[in-house]
Amino acid sequence: MKATTLLTRQHAKTQTALTTLASGKGTKALLEELATGLVAHMIIEETVLYPAIRKVKKDLVLEAYEEHAIAQLSLKRLVETPFGTDLFKARATTLKELIDHHIGEERDELFPKVEKAIDKDVLDALGAEMQARFESEKSAREIEVLQRDREIQALTAKRQQTLRKALVVLAGLL
């Protein structure tokens, strides 16, 4: 599959998830899936695609790196926001608008130039490399999320145990 086709499919999935989250619908699982996929997507663009196509449209590639930096900050803030709150919806909407702008530039300006300038076989090879890297990055991010969840569960259990002990001490004082 051509690199541009792969990215276009990932863009559509990202936009659907962001639309759902910005509307106040969706789940924490959707947010985690979005975050994992979006981070992996940005990594493959920055490490595989952009270096390969930089000469095609240097100004758009440099701008894309900057848009990624802003999107990463926006995504981090969204993930840290209490799910389902008005602030969450505002941050999801902001991230959606950033991503929509970025996708529009790639779709309308960058990808057509790339497809004219780079041979289809090269785009197919880039697509295969990007797909493999995407799966690897996504798996690594999912493992990080599971480890973080386990750490949170362990801390919660430790706090509950400490509270129980404090209650026993307090009950003995009364």
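This briefing walks through the cavities, a surface patch and a few single residues of the structure above. Keep in mind that you're looking at a predicted model. Inside, the structure holds two cavities of 30 Å³ or more. On the outside, there's a nonpolar surface patch of about 440 Å².

**The largest cavity**

- Start with the space itself: the largest cavity has about 50 Å³ of it.
- Three helices, α1 (3–22), α2 (28–53) and α4 (86–117), each give at least two residues to the lining of this largest cavity.
- If you want to find the spot in the 3D view, look for the lining residues Gln10, His11, Thr14, Leu38 and His41, along with Met42, His68, Ile99, His102 and Ile103.
- Sorted by class, the lining of the largest cavity comes out as six polar and four nonpolar residues, with no charged ones.

**The second largest cavity**

- Next up is the second largest cavity, with about 40 Å³ of space.
- Its lining is made by Leu60, Ala64, Glu67, His102, Glu105, Glu106 and Leu110.
- Helices α3 (58–79) and α4 each put in at least two residues here.
- Helix α4 has the largest share of this lining, with four residues.
- What classes do the residues of this lining divide into? There are three charged, three nonpolar and one polar.
- His102 is worth clicking on, since you'll find His102 in the lining of the largest cavity and again in the lining of the second largest cavity.

**The surface patch and Leu173**

- Leu167, Val169, Leu170 and Leu173 make the nonpolar patch on the surface, which covers about 440 Å².
- Leu173, one of these patch residues, sits in helix α5, which spans residues 120–173.
- Is Leu173 buried or exposed? Leu173 counts as exposed because its relative accessibility is 67%, and the cut-off for exposed is over 50%.

**Asp119, between two helices**

- Where is Asp119? You'll find Asp119 in the loop between α4 and α5.
- Asp119 has 45% relative accessibility, so this residue counts as partly exposed. That label goes to values between the buried cut-off, under 20%, and the exposed one, over 50%.
- Try locating Asp119 and Glu106 together: they're 13 residues apart in sequence, and their C-alpha atoms are 18 Å apart in space.
- Glu106 should ring a bell, as Glu106 is among the residues that line the second largest cavity.

Technical notes:
Residues are numbered from 1 along each chain as its sequence is written. This is a predicted model: local features need pLDDT of at least 70, side-chain atom pairs count only at pLDDT 80 or more; totals for chains, interfaces and linings use all residues. Side-chain values use heavy atoms; hydrogens and water are left out. On a 1 Å grid over the protein atoms alone, a cavity is a set of points where a 1.4 Å probe fits but cannot get out, and a pocket is an open set with protein on both sides within 12 Å along at least five of seven lines; lining residues have an atom within 4 Å of a point. Grid points are joined across faces, edges and corners, and a volume is the space filled by probe spheres set on the points. Ala, Val, Leu, Ile, Met, Phe, Trp, Tyr, Cys and Pro count as nonpolar, Asp, Glu, Lys and Arg as charged, and the others, Gly among them, as polar. Patches are made of residues with over 30% relative accessible area and no salt bridge: like charges are joined within 9 Å, nonpolar side chains (Val, Leu, Ile, Met, Phe, Trp, Tyr) within 5 Å. Accessible areas come from the Shrake-Rupley method with a 1.4 Å probe; for residues, only the protein chains shown count as cover. A salt bridge is a side-chain nitrogen of Lys or Arg within 4 Å of a carboxyl oxygen of Asp or Glu. Buried means under 20% relative accessible area, exposed over 50%, partly exposed in between (1.4 Å probe, protein chains only).
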